[in-house]
Structure formats: structure tokens, C-alpha cells
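This report looks at a sheet and at the surroundings of a ligand. Please keep the sequence and the structure at hand while reading.

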Amino acid sequence: MADYELSPASEDGPRGGTSRPVRVGLIVCLLVICIMAIVIGYLGYLVWAQRSSGPTDYVSGIVLGRCLSFTRIARPELRDKDCKKILDAFKSAFVSKDPCSITREDYQPLINLTADPVPCDKSLFWSRSKELVHEYTGIQKEMFTLEDTLLGYMGDGLTWCGDPRTSEIKHESCPHRNETCNSTATYVFWNVISQKFAESACGTVYVMLNGSRDTPFSKASTFGGVEIFNLRPEKVHTLQAWVMHNVEAVSRDTCSGSSIRELKSIVEQRKISFECYNDYRPARFIQCVKHSSHPTCRALL
Ligand code: N1C
């Protein structure tokens with residue numbers, strides 16, 4: 001019987017096999033690769049989840065949030081509006097496009113998704129009187145400025161633009177409108193929606209103007225250049241203007257001044273009647289909340 005000597009396993013292992021340190025190294029490498037794959041996969045998932053679950057940029061976040069709060073809380077009768085779709089239509093109007101060449105047609109899909117008609121006799125236009133007019137409609141909730149409708153509410157106070165080289169939405173370094181950059185995303189937006197707002201108005205419509213400026217009515221403004229010419233005389237019978245003056249400033253122009261006379265003549269040429277009130281009292285009361293001891297306000301008490 002042959003003697004078999006039991007020798008300790010060779011450090012090099014069986015002939016033709018892999019040595020132990022090499023095996024350990026392989027296992028460590030495999031483990032590292034697995035961990036890296038898991039980490040990369042997880043990071044990829046996070047990026048995908050973030051992209052597919054909601055907006056990541058400043059403007060989209062605000063627009064989507066405003067759309068949801070308007071249609072779900074402020075005006076629940078509009079709860080059927082699809083804010084994700086509305087945001088996509090808003091973005092596709094200008095994203096990846098030349099920021100100076102946005103067209104009215106670019107915003108058409110957005111307009112189609114956001115109809116929010118105002119009842120007759122309840123449309124309130126304004127020019128250079130933004131703060132007071134919104135203080136007024138904040139209390140007199142039966143009246144609507146453009147910012148009290150869905151689209152105006154979504155865009156109010158924001159600036160946005162795209163860039164042909166990326167799909168990003170910018171809000172800080174957008175070009176200012178001038179002769180060489182005429183059709184910016186924000187300018188075209190207000191033009192299009194102001195026109196729609198005027199076209200859909202009916203009955204008596206109202207405008208709040210700022211009589212503390214030299215020209216409360218200006219053809220260069222959105223009201224004077226767009227809205228007044230898009231009122232439909234077959235639906236709008238009267239335009240009533242409220243010329244408001246800052247409590248502590250001198251009045252520059254009133255209902256009988258040249259600027260308002262120009263407005264009257266445009267309106268009457270369009271076969272719409274014109275009425276005008278200086279310091280319309282309900283709005284004056286609101287101004288006087290902040291200036292209660294001023295003589296003109298004390299006189300109201
Ligand atoms: O140019 P304006 O006033 O006459 O525009 C106001 C007029 C209102 O009746 C609105 O229906 O036009 C509509 N409108 C807005 O609702 C609006 N919200 C915010 C027009 N512009 C609006 N903005 C921004 O203010 C926009 O950037 C635009 O250029 C200014 C216009 O304000 P304005 O000169 O006081």
C-alpha cells in the first residue's frame with residue numbers, strides 16, 4: 001500500500017488553478033464593480049425620478065404651483081384643468097427657441113388649454129395702477145383683472161425665456177425688448193393674453209388709470225395699444241374709466257384732461273360709450289386705509 005503524504009495545501013494552490021490572493025482580488029474587484037453599478041443606477045434613478053415627477057427650474061415650479069393653487073383652491077370650478085399639460089404647453093412656446101423671435105402662434109396651444117371667461121360687466125382693465133387695482137379686486141371679488149384669471153395669475157410678475165442651444169428655462173438673463181429684440185417670450189405672452197382678455201369682454205367694461213402720471217392713458221401701453229382696440233363693440237356697450245390719484249401726490253391729469261379726452265375719442269369712434277370718474281370712491285376708500293389722517297381721506301369719513 002503506497003504511502004500518501006498529506007501535505008498542507010500549497011500556497012500556489014493546485015497546479016493550473018488561481019492563487020488565493022488573485023481570487024481575493026477578483027472578488028474585491030467584483031464587489032467594487034457591483035457597488036459602483038448600484039450607486040450609478042441609483043443616481044440615474046434619482047435624476048429620472050426628479051425629471052419625470054415635476055419641474056426642476058424656478059419658472060416651471062412657480063407656474064405649476066400657481067396653476068394648481070388657482071384651479072384647486074382659489075377657483076375649484078376649474079379643477080378639471082390639467083396643470084401638467086398647461087405647464088408643458090407654456091414651456092413649448094419658448095423653450096429652445098430664439099428668445100427674440102417668439103410668435104403669437106407659439107402660445108396658441110397654451111391659450112387653448114386655459115379658457116377662463118369673465119362674466120359680462122366684470123372685466124377690469126388697468127394701466128400703471130397695478131397695485132391699487134389688485135387691492136381692489138382682492139376685496140371686490142366679483143371683478144376680474146387679467147391677473148385674476150388663470151393665465152394672468154400664472155405669469156404675473158415673472159420673466160422667462162429660452163435658449164436655442166439648451167432646453168433650459170432662464171429667468172435672470174433674458175434679453176430686454178428693444179428694436180433688435182422685439183418679440184420676447186414675456187412681451188408676446190402679455191400681448192396675446194391681453195388681446196384675448198379684451199376680445200372676450202362684454203357689457204360695461206372698466207379701466208383703472210393713474211391720474212398722478214402725466215398721461216394716464218398712453219397708446220404705448222398694453223391697455224392703450226392692445227386692449228382698447230380689441231374690445232368688440234357688438235358686445236361691449238360702455239367703457240367706464242376711473243382716474244385715480246395718489247393721495248399724497250398732485251393730480252396731473254383728470255377726466256377732463258387731454259390724455260383722457262384722447263381715450264374718449266378712440267372709444268367713441270369705436271361706437272362704445274365712454275364714462276369717466278375721478279377718484280372712484282370704492283377704490284379711494286382703499287387708498288385711504290393707508291392714509292387715514294390725510295385731509296382728503298378725512299373728508300370721506
Ligand atoms: O401696459 P399696461 O400697464 O397698460 O398693461 C396693463 C393692461 C391690463 O389691463 C392687463 O389686462 O394689460 C394687461 N397686462 C397685464 O395684466 C399684466 N400683468 C403684468 C399687461 N401687462 C401686464 N403685466 C406686466 O406689466 C407686463 O410685463 C407689462 O409689460 C407691464 C405692463 O404694465 P403697465 O405699463 O402698468
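## The sheet

In what order do the four strands form the open sheet, and is the pairing parallel or antiparallel? In this predicted model, the order is β1-β4-β5-β6, and the pairing is parallel. Strands β1 (124-127) and β6 (273-278) are the edge strands, each of them pairing on one side only, and from one strand to the next the twist averages 20 degrees.

Six bridges connect strand β5 (residues 236-244) with β6 in the parallel sense; on the β6 side, N278 is the bridge partner of V243.

## A helix on the sheet

Helix α8, which spans residues 222-230, packs on the sheet and touches β1, β4 (203-210) and β5, while its direction makes about 155 degrees with that of β1.

## The ligand and its surroundings

There are 15 residues around the ligand, and those that come nearest are S127, R128, E147, T222 and E227. The residue range of β1 ends at 127, and that of helix α8 runs from 222 to 230.

Backbone and side-chain atoms both take part in the polar approaches to oxygen atoms of the ligand. For W126, a backbone N or O atom lies 2.9 Å from a ligand oxygen atom, and for F223 a polar backbone atom is 3.1 Å from an oxygen atom of the ligand. In the case of E227, a polar side-chain atom lies 2.5 Å from an oxygen atom of the ligand. Of the 590 Å² of accessible area that the ligand has on its own, the protein covers 79%.

How values were computed. Residues are numbered from 1 along each chain as its sequence is written. This is a predicted model: local features need pLDDT of at least 70, side-chain atom pairs count only at pLDDT 80 or more; totals for chains, interfaces and linings use all residues. Side-chain values use heavy atoms; hydrogens and water are left out. Two strands pair if DSSP finds at least two bridges between them. Helices (H or I, at least four residues) and strands (E, at least two) are DSSP runs, numbered from the N terminus. Axes are lines fitted to C-alpha atoms, for helices over the stretch in contact, and angles run from 0 to 180 degrees between N-to-C directions. Contact means heavy atoms within 4.5 Å. A residue is near a molecule or strand if one of its heavy atoms lies within 4 Å of it. A polar contact is a pair of N or O atoms within 3.5 Å; within protein, one must be able to donate a hydrogen and the other to accept it, and residues adjacent in sequence count only if both atoms are side-chain atoms. Accessible areas come from the Shrake-Rupley method with a 1.4 Å probe; for residues, only the protein chains shown count as cover.
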